[in-house]
Amino acid sequence: MMLLLELVQNVITTNSESPGPVCLLAPPSPRPALAQNTDQPSPSVLESKNSLDLLEIMGNLSYDDSNVTFLDYDAAPCHNQYCPLFQHMAPTFLAITCAAATLGTGALVVALAKRPHAWGWPQSRALVAQLAVGMGVFTALLPLVAVGIGQGWRLGTGLCRLTHLLWHWSLFAQGLLVGSSSCSTAWCRWDPQSRRLAVAVWAGALLLATPAALASGTVAASETSCLRRSVDILSPAYLLHLVLCLCLFLLLPAVLLVATLAMPRLRAGWEPGVGVSWLFFGLWVPYGVGLAVDFLLHAQLLQPTCGTFEHFDYVLGLSEGLGVLHCCLGPAALLTTRLCRHGAGASGSC
């Protein structure tokens with residue numbers, strides 16, 4: 001018992017000399033999810049080889065039949081190098097993506113304005129215009145996010161939550177638009193019925209994005225960190241946000257795919273133009289899987305290991321980076337498909 005008390009006292013003394021959480025970037029990332037594991041230090045992730053964690057010391061205590069207790073000082077700690085790499089590369093990636101998305105969305109808007117009647121089903125003008133608005137909102141947030149990653153978030157908690165709200169509002173709206181266009185011809189023409197549906201889609205998407213704003217925020221100790229999750233992993237706001245994201249990124253495309261294969265009417269109406277809209281789901285599905293695994297790890301429903309926490313941040317960061325590309329690949333895919341159909345002399349109709 002005396003040995004244990006001495007160990008605890010040594011840990012307190014050692015940690016007081018090397019303060020600071022691990023992987024909290026200076027400045028940290030304001031990205032809604034791209035660096036989400038940087039805001040919650042992983043178990044047993046150590047800031048330096050000279051600092052010891054109490055839980056690690058307790059885990060390294062060994063007991064034998066002679067009741068002799070000894071400390072394994074040779075146990076290798078976990079070191080996570082994702083945070084500095086993310087802070088170095090993410091601003092450049094977001095800047096390039098933003099420039100490409102701005103050009104693509106601008107070209108899409110020009111094409112819609114110059115040849116409005118050339119956009120027939122399944123890429124109707126009503127649908128493509130709303131998708132362009134969603135991608136435009138998403139793109140407009142990228143410069144703010146990039147600057148926040150490189151220089152720190154200096155706009156306060158309110159704008160941090162507003163950024164998360166707009167970010168997810170755009171994603172939910174695009175997901176609902178793609179989903180509704182896959183199972184109906186409501187967007188075939190712009191009439192009172194489609195206008196009411198548009199209001200319902202955008203209002204519903206805003207409501208679905210609200211938990212993301214409630215779960216986000218800045219770090220109490222440092223106002224330069226705008227985090228996707230500033231609450232506990234099991235808090236109601238984050239759990240609701242997680243469930244809604246999994247429904248958007250995983251459940252909705254799965255249900256639509258099964259319905260298309262099972263219903264002859266939907267299967268007969270499937271065209272390449274509908275598949276282009278599904279690019280949104282294809283790019284975001286890996287991130288949905290990553291969010292589910294991330295929750296299982298932090299809730300300790302999966303047994304975490306040192307290697308898991310060292311490498312999972314890279315997987316999750318790359319998966320969200322893939323999803324972010326939808327704002328530049330989406331307009332390019334829509335324009336390419338329309339040009340190919342126009343060159344082939346095909347014109348969509350309802």
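These exercises work through a predicted model of one protein chain.

**Exercise 1. Getting an overview**

Task: Find how many helices and strands the chain has, and what share of its residues count as buried.

Solution. Start with the secondary structure. The chain comes to 12 helices and 4 strands. Next, look at burial. The chain has 350 residues, and 44% of them count as buried. Finally, check the contacts. Take those between residues at least 6 apart in sequence: 78% of them join residues at least 24 apart.

**Exercise 2. Judging confidence**

Task: Decide where in the chain confidence is lowest and where it is highest.

Solution. Begin with the whole chain. Its mean pLDDT is 76, and 70% of the residues reach 70 or more. Now go element by element. Strand 1, residues 61-63, has the lowest confidence, with a mean of 37. Helix 6, residues 192-215, has the highest, at 95. Then look for a weak stretch. Over residues 7-75, pLDDT stays under 50. The model still has 126 contacts beyond four places in sequence for that stretch.

**Exercise 3. Sorting the cysteines**

Task: Find which cysteines form a disulfide, and state which parts of the chain the pair ties together.

Solution. Search the whole structure: there is 1 disulfide. Cys 160 and Cys 226 form it, with their sulfur atoms 1.9 Å apart. The cut-off is 2.5 Å, so this pair passes. Check the handedness next. The angle about the S-S bond is 90 degrees, and the link is right-handed. Now place both ends. Cys 160 lies in helix 5 (residues 156-183) and Cys 226 in strand 4, so the disulfide ties together parts that are 66 residues apart in sequence. Both Cys 160 and Cys 226 are buried.

Turn to two cysteines outside the link. Cys 98 is in no disulfide; its nearest cysteine sulfur belongs to Cys 327, 7.5 Å away. Cys 98 counts as buried because its relative accessibility is 13%, and the cut-off is under 20%. Cys 328 is in no disulfide either; the nearest cysteine sulfur is that of Cys 327, 5.1 Å away. Cys 328 is buried too, with a relative accessible area of 14%.

**Exercise 4. Testing a helix**

Task: Work out what length helix 11 should span, and compare that with the distance between its end C-alpha atoms.

Solution. Count first. Helix 11 covers residues 306-324, which makes 19 residues. At 1.5 Å a residue, the helix should span 27 Å. Now compare. The end C-alpha atoms are 28 Å apart, which agrees. Look for a bend as well. Helix 11 has a kink of about 30 degrees, centred on Phe 312. Phe 312 is buried, and other buried residues of helix 11 include Phe 309, Asp 313, Leu 316 and Val 324.

**Exercise 5. Two residues side by side**

Task: Is Arg 228 buried or exposed? Is Gln 151 buried or exposed?

Solution. Locate Arg 228. It sits in the loop between strand 4 (226-227) and helix 7 (236-262). Its relative accessibility is 4%, so Arg 228 counts as buried. Then look for a partner. The side chains of Arg 228 and Tyr 238 are joined by a polar contact of 3.0 Å.

Now take Gln 151. This residue is in helix 4, residues 125-151. Its relative accessibility is 53%, so Gln 151 counts as exposed. Last, check a distance. Gln 151 and Pro 91 are 60 residues apart along the chain, and their C-alpha atoms are separated by 9.8 Å.

Methods
Residues are numbered from 1 along each chain as its sequence is written. This is a predicted model: local features need pLDDT of at least 70, side-chain atom pairs count only at pLDDT 80 or more; totals for chains, interfaces and linings use all residues. Side-chain values use heavy atoms; hydrogens and water are left out. Helices (H or I, at least four residues) and strands (E, at least two) are DSSP runs, numbered from the N terminus. Buried means under 20% relative accessible area, exposed over 50%, partly exposed in between (1.4 Å probe, protein chains only). A polar contact is a pair of N or O atoms within 3.5 Å; within protein, one must be able to donate a hydrogen and the other to accept it, and residues adjacent in sequence count only if both atoms are side-chain atoms. pLDDT is the predictor's confidence in each residue, from 0 to 100. Contact means heavy atoms within 4.5 Å. The expected span of a helix is 1.5 Å times one less than its number of residues. The bend at a residue is the angle between axes fitted to the seven residues ending there and the seven starting there.
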